[in-house]
Amino acid sequence: MSSQPRRVESQQTDKGYVPIYTTAVVDQPWADYTKTEHETWATLFRRQRDVLKGRACREFIDNQERFGMTPDAIPRFEELNEVLAKATGWQLVGVEGLLPDLTFFDHLANRRFPVTWWIRKPEQIDYIAEPDLFHDLFGHVPLLLEPVFADYMQAYGRGGVKAHGIDPNALVHLTRLYWYTVEFGLIRQDGGLRIYGSGIVSSKGESMYSLESPAPNRIGFDLARIMRTRYRIDTYQKTYFVIDSFEQLIDATRPDFTPLYRELEAQSAIAAGDVREGDVVVHRGTGEGWATDGDV
Ligand code: PHE
Ligand code: CO
């Protein structure tokens, strides 16, 4: 029997099933992955590589190749860390799952990216509500090799530590930025739109929907606008924000956010699907198939 840490199951609380995790860094129990778990990796890996051709941005595809990840087996964090150390100094650390805000920010601020060590079950191939190894590793890790994006992630971590010390509202605003960039961002490239957000690249359905569906809005990146915008956690996004380059992202987020947080206090939130005066509309969504409520 294994003495490795195993996943802590979700627990019933008055808020429903909530995953309760330890905040500790754990060694990836690589030798314990079952044949089925390696097969789940293989299935997802092959499928997404295929779907992302011509859809993911150049930096995502190229950097993923540099890691030498293959469908043959779940990658070892140790091997990926050798590549990362030389390129941008980032390191992956194994975790049980979602971390408390401050723990997460502290990792990023120190160029450590927490990766969930367990992979979803076969019946969750198409959808899983929480991040697993496939989302974290396939989705987030490639862009940690991209110098400008790697710096943005660290800056976000430092900004998170700061926002945490301001007030809960500052954190709400900052989290929306992460959501609409790191997780669900689109980028203009080669005369079209491409995906860089990890939440999209790790989902077959959303990879196609985010670029090809007429339903969602696609709007030019606007920092303050994004920070006011609610989002969806249980359906595809109603709005995607489009950057022109990773330089634009890091330049726009370089200033101290403290005065911005104060200004945002006086402003109401924007619904996930709203288009507003002043938006640079790349595509105005039809809204087809949207749920009428449920914005976070
Ligand atoms: N400039 C931000 C601040 O002062 C920090 C930050 C950088 C946040 C990049 C997010 C992304 O809080
Ligand atoms: Co993620």
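## Model confidence

This is a predicted model. The chain has a mean pLDDT of 93, and 93% of its residues reach 70 or more. Residues 1–5 fall below a pLDDT of 50. Beyond near neighbours in sequence, the stretch 1–5 has six contacts in the model.

## Residues around ligand 1

The shell around ligand 1 includes Tyr152, Ala155, Tyr156, Gly159 and Lys162. Leu174 and Leu177 also belong to the residues around ligand 1, as do Thr253, Arg254, Pro255, Asp256 and Phe257. By class, seven residues of the shell are nonpolar, two are polar and three are charged.

Two helices, α6 (147–166) and α7 (168–183), each supply at least two residues of this shell. The element that gives the most is α6, with five residues.

## Polar contacts and cover

Backbone atoms of Thr253, Arg254 and Pro255 each come up in a pairing with a nitrogen atom of ligand 1. For Thr253, a polar backbone atom is 2.6 Å from a nitrogen atom of the ligand. For Pro255, a backbone N or O atom lies 2.7 Å from a nitrogen atom of ligand 1. For Arg254, the distance from a polar backbone atom to a ligand nitrogen is 3.4 Å.

On its own, ligand 1 has 330 Å² of accessible area, and the protein covers 94% of this.

Methods: Residues are numbered from 1 along each chain as its sequence is written. Chains are lettered from A and ligands numbered from 1 in the order in which they are written. This is a predicted model: local features need pLDDT of at least 70, side-chain atom pairs count only at pLDDT 80 or more; totals for chains, interfaces and linings use all residues. Side-chain values use heavy atoms; hydrogens and water are left out. A residue is near a molecule or strand if one of its heavy atoms lies within 4 Å of it. A polar contact is a pair of N or O atoms within 3.5 Å; within protein, one must be able to donate a hydrogen and the other to accept it, and residues adjacent in sequence count only if both atoms are side-chain atoms. Accessible areas come from the Shrake-Rupley method with a 1.4 Å probe; for residues, only the protein chains shown count as cover. Helices (H or I, at least four residues) and strands (E, at least two) are DSSP runs, numbered from the N terminus. Ala, Val, Leu, Ile, Met, Phe, Trp, Tyr, Cys and Pro count as nonpolar, Asp, Glu, Lys and Arg as charged, and the others, Gly among them, as polar. pLDDT is the predictor's confidence in each residue, from 0 to 100. Contact means heavy atoms within 4.5 Å.
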